[in-house]
Amino acid sequence: MSDAIPRHVLCVLSSGLDLSEIERIAADFGGFVLDREYSQTEPDPRMPKAFEASMAGASFDDSDWDAVESHDTVGYLLSAPMMRELAADTSRRLLAATAALLRSGATAVKNESSGIAHGRDRWLALADRAASAEDEDLADALVTAWVKRPIYDGEVLYSCGMHLLGAPEVEIEVDEEQLTEDGVPDLVAHLDTLATYLLTDPRAEEIEDGAGFRMAEDAPRWSLRTGPYDRCDEDDLFFNPYGYVRLTRPQ
């Protein structure tokens with residue numbers, strides 16, 4: 001396993017909320033600091049395209065896009081490098097901090113460590129859900145908040161962001177004809193089921209290459225393929241030191 005240690009880098013846009021206030025609010029949730037080297041008190045013209053590339057369109061409305069266009073401050077918040085056993089709790093606290101920032105004047109947020117953004121209402125709903133959730137419901141809320149999916153490479157659909165929860169990325173083999181309006185949500189449901197399993201079932205720590213996996217007791221059997229993460233370099237924020245787990249063709 002790689003020695004790389006994941007960390008959150010959160011991009012926070014605002015209009016009228018200064019950097020010291022962003023830092024103060026985040027600090028209340030423990031372990032999050034402002035990166036003063038890259039934060040700035042002026043607009044960044046790259047932000048509209050950056051948010052668009054972060055799947056913002058899935059939950060943004062006109063007011064969210066207006067907020068990105070009209071920002072005058074860009075803050076970058078850093079978590080400490082996260083040991084595997086602390087990753088899920090750190091991610092839960094950062095989700096709560098995200099909601100607090102949005103309720104205090106921040107206008108848009110995206111995660112640089114997984115490339116995902118949500119609209120204001122989606123962030124707040126996810127934070128409220130995670131605040132009282134446990135076990136599988138908490139895992140699902142954190143996956144939805146921090147894990148970008150699905151991403152297609154021509155052979156598999158895969159995730160980016162499970163390293164922020166202390167788990168391998170999840171993947172599924174697909175044929176191009178499955179990538180339809182009806183087919184993609186079903187494939188994403190498979191990814192999410194596997195992700196939840198990896199985060200909540202103790203047996204997931206002992207997965208071996210070629211092990212069987214079923215979405216339900218009476219569902220077709222998939223084979224699990226495991227391996228090291230090689231989609232980017234180890235010093236990339238997206239790098240997952242825990243590798244990947246891939247659902248391969250049902251037998």
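Start by selecting P150, which sits in strand β6, residues 148-152. Keep in mind as you go that this is a predicted model. Now add R149 to the selection and look at the link between the two: R149 and P150 are joined by a cis peptide bond, with omega at about -5°.

**Two unusual backbone angles**

Next, select M55. You will find M55 in the loop between α2 and α3. M55 is not a glycine, yet its phi is positive, at about 65°. Is M55 buried or exposed, or something in between? With a relative accessibility of 29%, M55 counts as partly exposed.

Now jump to D135, in helix α6. Here too phi is positive, about 50°, although D135 is not a glycine. D135 is exposed, and its relative accessible area is 59%.

**A serine in the loop**

Go back to the loop between α2 (47-52) and α3 (62-70) and pick S54. S54 is buried, because its relative accessible area is 6% and the cut-off for buried is under 20%. Show the side chain of S54 and follow it to the backbone oxygen of A50, which it reaches at 2.9 Å. Which residues does S54 contact once its neighbours within four places in sequence are set aside? Select K110, G115, I116, A117 and K148 to see them around S54.

**The start of a strand**

Your next stop is T73, in strand β3, which covers residues 73-79. T73 is buried as well, with a relative accessible area of 6%. Display the side chains of T73 and D72 together: a polar contact of 2.9 Å joins them. To see what else T73 touches, leave out residues up to four places away in sequence and select V12, L13, S14, L17, L19, Q40, T41 and E42.

**A pair of cysteines**

Now colour the cysteines. How many disulfides does the structure hold? The count is 0. Take C160 as an example: C160 is in no disulfide, and the nearest cysteine sulfur, in C232, lies 7.2 Å away. Try drawing a distance between the two sulfurs. Why is there no bond from C232 to C160? The sulfur of C232 is 7.2 Å from that of C160, which is too far for a bond, because a disulfide needs the sulfur atoms within 2.5 Å. Check the surroundings of each cysteine while you are here. C160 is buried at 4% relative accessibility, and C232 is buried with a relative accessible area of 19%.

**The largest pocket**

Finish at the largest pocket, which has a volume of about 630 Å³. To find its centre, select R84, G166, A167, L198 and L199, since these lie nearest to it among the 27 lining residues. Then colour the elements that each give two or more residues to this lining: α4 (87-103), α6 (135-146), α7 (183-200) and β11 (244-248). Which element gives the most? That is α6, with 4 residues. You met α6 earlier, as the helix that holds D135.

As a last step, colour the lining of the largest pocket by residue type. You should see 18 nonpolar, 3 polar and 6 charged residues.

Notes: Residues are numbered from 1 along each chain as its sequence is written. This is a predicted model: local features need pLDDT of at least 70, side-chain atom pairs count only at pLDDT 80 or more; totals for chains, interfaces and linings use all residues. Side-chain values use heavy atoms; hydrogens and water are left out. On a 1 Å grid over the protein atoms alone, a cavity is a set of points where a 1.4 Å probe fits but cannot get out, and a pocket is an open set with protein on both sides within 12 Å along at least five of seven lines; lining residues have an atom within 4 Å of a point. Grid points are joined across faces, edges and corners, and a volume is the space filled by probe spheres set on the points. Ala, Val, Leu, Ile, Met, Phe, Trp, Tyr, Cys and Pro count as nonpolar, Asp, Glu, Lys and Arg as charged, and the others, Gly among them, as polar. Buried means under 20% relative accessible area, exposed over 50%, partly exposed in between (1.4 Å probe, protein chains only). A polar contact is a pair of N or O atoms within 3.5 Å; within protein, one must be able to donate a hydrogen and the other to accept it, and residues adjacent in sequence count only if both atoms are side-chain atoms. Contact means heavy atoms within 4.5 Å.
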